[in-house]
Every structure is written in structure tokens, then in C-alpha cells.
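Student: I have a new protein structure open and no idea where to begin. Could you walk me through it?

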Amino acid sequence: MSQSHAVADTVAELALTGDLTRPARLTVPDLLAWPQHEADVSFECTTSGMRHHRFTGPLLHDVLSAAGPVFDPARRKDRLRFLIAVSGADGHHALLSWAEIDPDFGRAPVLLAATIDDTLLDRGGPQLVLPQDRCGARHISGINAIRVDGGYASWA
Ligand SMILES: Nc1nc2c(c(=O)[nH]1)N[C@H]1C(S)=C(S)[C@@H](COP(=O)(O)O)O[C@H]1N2
Ligand SMILES: [Mo]
């Protein structure tokens, strides 16, 4: 096995890409630099029933804002066309709207979790946590890519 594979096997990296002035590659230890929030969540899975976990990590909004999405922060309407595509290493993915997590709009306290049940997620990668979701399907684990896309302005 090459050395790059050995590194990838131990500390997962997340690529922040898209319409950002500061795209980045982040590890779970990097996520500990932001203010940490915690969430005790219960969600239902259609196959395994009710699940409970305690997560900690930064707000997704804090991490993505630091990457400099290319909207004018003073113009609230400018943000409404931005999408956030979150992908797990296994191909599971979901779309959020920027407005869903924006403090001026939906204010969903979505986390990019660095720990689950007091265990650091440095090998598998961070997990999306949506405390308001009844269903577990958007709690994407092993996130390896988040793409911010504001390309929907051409409709206007
Ligand atoms: N990467 C990835 N994350 C995923 C899934 C998946 O298939 N791949 N399944 C989701 C679904 S449907 C549920 S219910 C929860 C299950 O979380 P659990 O492992 O804590 O039960 O994970 C979610 N996160
Ligand atoms: Mo599920």
C-alpha cells in the first residue's frame, strides 16, 4: 500500500469546494478549532427503528462561512440561490439550501459533527447532524465532500 493510502486510511479528509473564495481540505481535528456545539438527537430509521446519539462539533454554517461563499453578505436575497451538497464516501448524499442553516432564515442548528457518542470521527470523517429531522437519512456519516453552489442565479 502506498503511503498516501496509509494516511487516507487513518485520518479522513473532507473537500470543501464550489463557489467559495477559500476552498479547503479539512480533517476532523481541524473541525475542533471552531466553537463546539453539542446535540442529543433521536431519529427514526425505516430499517433499524429509533436511534439515539450524542454529537459534538462546529455549526455547518460557521465552517462554510469561513470558506467564503461568493455572495454579498449584506444582501440577504443574494444567499437564497445557494445550495449545499453533502456527500458521504459511500455515495450517500443530500442537498440543503443555504437559507435552511442561515441565522436570518431557517436557523437550523445543523452540525458538522467531530464526535459521536464521545468518540472522535477522525478515521471515518465528520457526520451531518440535523437535530430537527425526525428521520435519520440526512445524518450523513463519513462525509468526504461538501460543495456550495450558487449557480442558480441564471434563472433570474
Ligand atoms: N454515509 C451514509 N450515511 C448515512 C446513511 C448511509 O447510507 N450512508 N444512512 C442514513 C440513514 S438512512 C440512517 S437512519 C442513519 C443511521 O444511523 P445509525 O448508524 O446511527 O443507525 O444514517 C444515515 N447516514
Ligand atoms: Mo435510515
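What follows is a chat between a student and a tutor about this structure.

Tutor: Two ground rules before we start. This is a predicted model, where local features need pLDDT of at least 70 and side-chain atom pairs count only at pLDDT 80 or more, while totals for chains, interfaces and linings use all residues. Residues are numbered from 1 along each chain as its sequence is written, chains are lettered from A and ligands numbered from 1 in the order in which they are written, and side-chain values use heavy atoms, with hydrogens and water left out.

Student: How many helices and strands does the protein have?

Tutor: Helices (H or I, at least four residues) and strands (E, at least two) are DSSP runs, numbered from the N terminus. Counted that way, the protein has four helices and eleven strands.

Student: What is its radius of gyration, and what would a compact globule have?

Tutor: The radius is taken over C-alpha atoms, and the globule rule is 2.2 Å times the number of residues to the power 0.38. For 156 residues a compact globule would come out near 15 Å, which agrees with the protein's 16 Å.

Student: What percentage of the residues is buried?

Tutor: Buried means under 20% relative accessible area, exposed means over 50%, and partly exposed is in between, with a 1.4 Å probe and protein chains only. Of the 156 residues in the protein, the buried share is 40%.

Student: In what order do the strands of the open sheet come?

Tutor: Two strands pair if DSSP finds at least two bridges between them. Four strands are in this sheet, and their pairing is antiparallel. S3 (37-45) and S9 (119-120) stand at the edges with a single partner strand each, so one side of each has no neighbour in the sheet. The order is S3-S4-S8-S9.

Student: What is the bridge partner of Ile-116 in S9?

Tutor: Strand S8 (residues 115-116) pairs with S9 in the antiparallel sense, over two bridges. In S9, the partner of Ile-116 is Thr-119.

Student: What are the phi angles of Asp-117 and Asp-118 in the loop between S8 and S9?

Tutor: Most residues other than glycine have a negative phi. Asp-117 sits in that loop and, at 37% relative accessibility, counts as partly exposed. Asp-118 is also found there and counts as exposed, at 64%. Neither is a glycine, yet phi is positive: about 50° for Asp-117 and about 65° for Asp-118.

Student: Which side chain has a polar contact with that of Asp-117?

Tutor: A polar contact is a pair of N or O atoms within 3.5 Å; within protein, one must be able to donate a hydrogen and the other to accept it, and residues adjacent in sequence count only if both atoms are side-chain atoms. The partner lies in strand S4, and at 17% relative accessibility it counts as buried. The contact is 2.7 Å long, and the partner is His-53.

Student: Which residues surround ligand 1?

Tutor: A residue is near a molecule if one of its heavy atoms lies within 4 Å of it. The surrounding residues are Phe-43, Cys-45, Arg-51, His-53, Asp-90, His-92, Gly-136, Ala-137, His-139, Ile-140 and Ser-141.

Student: How much of the accessible area of ligand 1 does the protein cover?

Tutor: Let's begin with the polar atoms. An oxygen of ligand 1 is 2.5 Å from an N or O atom in the side chain of Arg-51, and a nitrogen is 2.7 Å from one in the side chain of Asp-90. A nitrogen of the ligand is also 2.9 Å from a polar backbone atom of Ser-141. Accessible areas come from the Shrake-Rupley method with a 1.4 Å probe (for residues, only the protein chains shown count as cover), and of the 530 Å² that ligand 1 has on its own, the protein covers 70%.

Student: Which side chains of strand S6 are buried?

Tutor: S6 (residues 93-97) runs antiparallel to S5 (residues 83-88), joined by five bridges. Side chains alternate along S6: His-93, Leu-95 and Ser-97 point to one face and are not buried, while pointing to the other face, and buried, are Ala-94 and Leu-96.

Student: Which residue in the turn between S5 and S6 has a positive phi?

Tutor: These two strands form a hairpin with four residues between them. The phi in question is about 95°, and the residue is Gly-91.
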